[in-house]
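Trainee: Could you pick one part of this model and take me through it slowly? I'd like to see how it sits in the rest of the chain, and I'm still shaky on how people decide what is inside and what is outside.

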Amino acid sequence: MKTELNLSPQDNKKLANLCGPLDENISQISVGLDIKISRKNSLFVLNGDERKVLLASQLLESIYLRATRAILTEDIQLSLSLIHISEPTRQAEI
């Protein structure tokens, strides 16, 4: 699934805090959820498994809302851990 997410109103400071140095935070989310994320300004393009793209979109919006300060690597890792804990486990069909 491919979807676009436009974070508005565009705030360059909040975008910089969300993305981190050299887009490190975006890379962590991308790797952590096994999807592709690209961006240009406040427009993010997410591509991958539908469920994971939805989770990433929600996570990006949530972080953007509180990105008035620098977002640490640990903040991203904690958020990803919480996502993985809350996901239901899938059992193989017999």
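Mentor: Sure, and let's start with your inside-outside worry. A residue counts as buried under 20% relative accessible area, as exposed over 50%, and as partly exposed in between. Try that on Glu50: its relative accessibility is 56%, so Glu50 counts as exposed. Glu50 belongs to helix α3, which covers residues 50-65. Between the C-alpha atoms of Glu50 and Leu65, 15 residues along the chain, there are 23 Å.

One caution before we go on: this is a predicted model. The part I'd pick is helix α2, so let's first find it in the whole. The protein has four helices and three strands, and along the sequence they come in the order β-α-α-β-β-α-α. For 94 residues, a compact globule would have a radius of gyration near 12 Å; the protein's value is 14 Å, which agrees. Along the principal axes, the C-alpha trace spans about 50 × 25 × 20 Å. Of the 94 residues, 37% are buried.

Now walk towards α2 from the start of the chain. Strand β1 is residues 2-6 and helix α1 is residues 12-19, and Pro9 sits in the loop between them. Stop there for a second: the peptide bond from Ser8 to Pro9 is cis, and its omega is near 0 degrees. Most peptide bonds are trans, and most residues other than glycine have a negative phi. Keep the phi half of that in mind for the next stop.

After α1 comes another loop, which leads to α2 at residues 24-33, and Asp23 is in that loop. Asp23 isn't a glycine, yet its phi is positive, about 60 degrees. By the cut-offs above, Asp23 counts as partly exposed, because its relative accessibility is 28%.

Then we're in α2 itself. Which of its residues are buried? They are Asn25, Ile26, Gln28, Ile29, Ser30 and Leu33. Here's a handy idea for reading a list like that: an α-helix has 3.6 residues a turn, so residues three or four places apart point the same way. Look at Ile26, Ile29 and Leu33 in the viewer with that in mind; they are among the buried ones. And what covers these buried residues? The cover includes α1, β2, β3, α3 and α4, with α4 being residues 73-86.

Just after α2 you meet Asp34, with a positive phi of about 55 degrees. Asp34 lies in the loop between α2 and β2. At 58% relative accessibility it counts as exposed, whereas Asp23 counts as partly exposed.

Past Asp34, two of the covering elements come up. Strand β2, residues 36-40, pairs with strand β3, residues 43-47, in the antiparallel sense over five bridges. Lys36 stands opposite Asn47 of β3. Two residues lie between the strands of this hairpin, and Asn41 has a positive phi near 55 degrees.

One last look at the whole chain: of the contacts between residues at least 6 apart in sequence, 64% join residues at least 24 apart.

How values were computed: Residues numbered from 1 in each chain as written. Predicted model: local features only at pLDDT ≥ 70, side-chain atom pairs only at ≥ 80, totals over all residues. Heavy atoms only, no water. Rg over C-alpha atoms; globule rule 2.2 N^0.38 Å. Buried < 20%, exposed > 50% of the residue type's maximum accessible area, 1.4 Å probe, protein only. Contact = heavy atoms within 4.5 Å. Pairing = 2+ DSSP bridges.
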